[in-house]
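Open the model in your viewer and keep the sequence panel beside it. This tour goes stop by stop.

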Amino acid sequence: MQIKSAKFYLSSQKEKDCPKTIMPEYAFIGRSNVGKSSLINMITNQNKLAKTSSTPGKTQLINHFLINNSWHIVDLPGYGYAKTSKSNKKHFQKSITDYFKHRKQLVSAFILIDVRHSPLKIDLDFILWLATNKIPFSIIFTKTDKLTKTEIDNKLLNYKKELEKNWEILPEIFLSSSKKHSGKEDILNYIDKINQSII
Ligand code: GTP
Ligand code: MG
């Protein structure tokens with residue numbers, strides 16, 4: 001799929017304030033600093049569409065971006081960001097879970113996981129929570145530029161083994177590096193396929 005246009009559309013504090021349009025949307029979620037905003041910029045060929053930062057906790061709102069005037073990409077705050085106050089954390093957590101529970105326009109979520117990490121409880125719990133709530137998702141392993149091909153293969157194998165403890169069928173898995181601009185085609189083709197069946 002060609003990205004012909006990608007524009008900022010709306011920032012919302014909570015699900016209730018999100019756009020009322022009925023366009024399909026794809027949400028990017030994962031731990032703080034995993035590279036959600038960078039990936040959105042990379043796949044839309046932009047530098048500053050989504051705000052990025054080397055310090056975790058940059059994205060604090062539910063951000064909608066309008067793509068090709070027909071669908072939305074949604075950049076969400078990261079989960080598991082420890083350096084914020086307890087009440088703030090609760091607020092983030094609630095805005096994220098509300099979004100996933102209630103947002104009818106959501107077609108599928110991408111859970112981003114740093115390819116260098118071994119399976120973390122917080123990610124596995126979130127994956128389980130999405131599955132329990134019947135929210136379609138796939139996984140993107142990010143920052144592949146930081147490892148060698150062999151290291152990536154080992155990490156993937158290890159992660160799949162962990163997932164296989166709970167699931168017979170694994171979700172779609174993608175690899176990406178925003179630094180090296182890799183993974184874009186696979187992710188966009190996947191979205192395009194779904195869009196073609198619904199738009
Ligand atoms: P929050 O909004 O805080 O939840 O973070 P985020 O998940 O949106 O992460 P963001 O895109 O802001 O990136 C966090 C840091 O990781 C930045 O310093 C990025 O430059 C870096 N980064 C993101 N993607 C990659 C990648 O593919 N490779 C490398 N080497 N660094 C990356
Ligand atoms: Mg972000």
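Which oxygen-bearing partner lies 3.4 Å from an N or O atom in the side chain of Ser32? It is ligand 1, through one of its oxygen atoms. That is a polar contact, here a pair of N or O atoms within 3.5 Å; within protein, one must be able to donate a hydrogen and the other to accept it, and residues adjacent in sequence count only if both atoms are side-chain atoms.

Before moving on, note that this is a predicted model: local features need pLDDT of at least 70, side-chain atom pairs count only at pLDDT 80 or more, and totals for chains, interfaces and linings use all residues. Residues are numbered from 1 along each chain as its sequence is written, chains are lettered from A and ligands numbered from 1 in written order, and side-chain values use heavy atoms, without hydrogens and water.

**Stop 1: ligand 1.** Select its surroundings: 22 residues (a heavy atom within 4 Å). The closest are Ser38, Gly57, Thr59, Asp145 and Ser178. Now show Lys58: a backbone N or O atom lies 2.8 Å from an oxygen atom of the ligand. Thr59 places a polar side-chain atom 2.8 Å from a ligand oxygen.

**Stop 2: the magnesium ion.** Stay on Thr59 and add ligand 2. Ser37 (OG) and Thr59 (OG1) are its protein donors, 2.0 to 2.2 Å away. Donors are N, O and S atoms within 2.8 Å of the metal (3.2 Å for Na, K and Ca); water is not among the atoms, so sites may look incomplete. Ser37 sits in helix α1 (residues 36-43), and Thr59 in the loop between α1 and β3, 22 residues apart. Both Ser37 and Thr59 are buried, meaning under 20% relative accessible area (1.4 Å probe, protein chains only).

**Stop 3: the sheet.** Switch to cartoon. Seven strands form an open, mixed sheet, ordered β1-β3-β4-β2-β5-β6-β7. Strands are DSSP E runs of at least two residues, helices H or I runs of at least four, numbered from the N terminus; strands pair if DSSP finds at least two bridges between them. β1 (6-12) and β7 (173-175) are the edges. β1 runs antiparallel to β3 (residues 62-67), with six bridges. Find Lys7 there, opposite Leu66.

**Stop 4: strand β2.** Select 25-30. Six of the six residues of β2 are buried, so it is largely enclosed by the rest of the structure. Glu25, Ala27 and Ile29 are on one side; Tyr26, Phe28 and Gly30 are on the other. β2 pairs in parallel with β4 (residues 71-75) over four bridges, and with β5 over six. Finish on Gly30, opposite Leu112 in β5.

How values were computed:
Contact = heavy atoms within 4.5 Å. Axes fitted to C-alpha atoms, helices over the stretch in contact; angles between N-to-C directions. Buried < 20%, exposed > 50% of the residue type's maximum accessible area, 1.4 Å probe, protein only.
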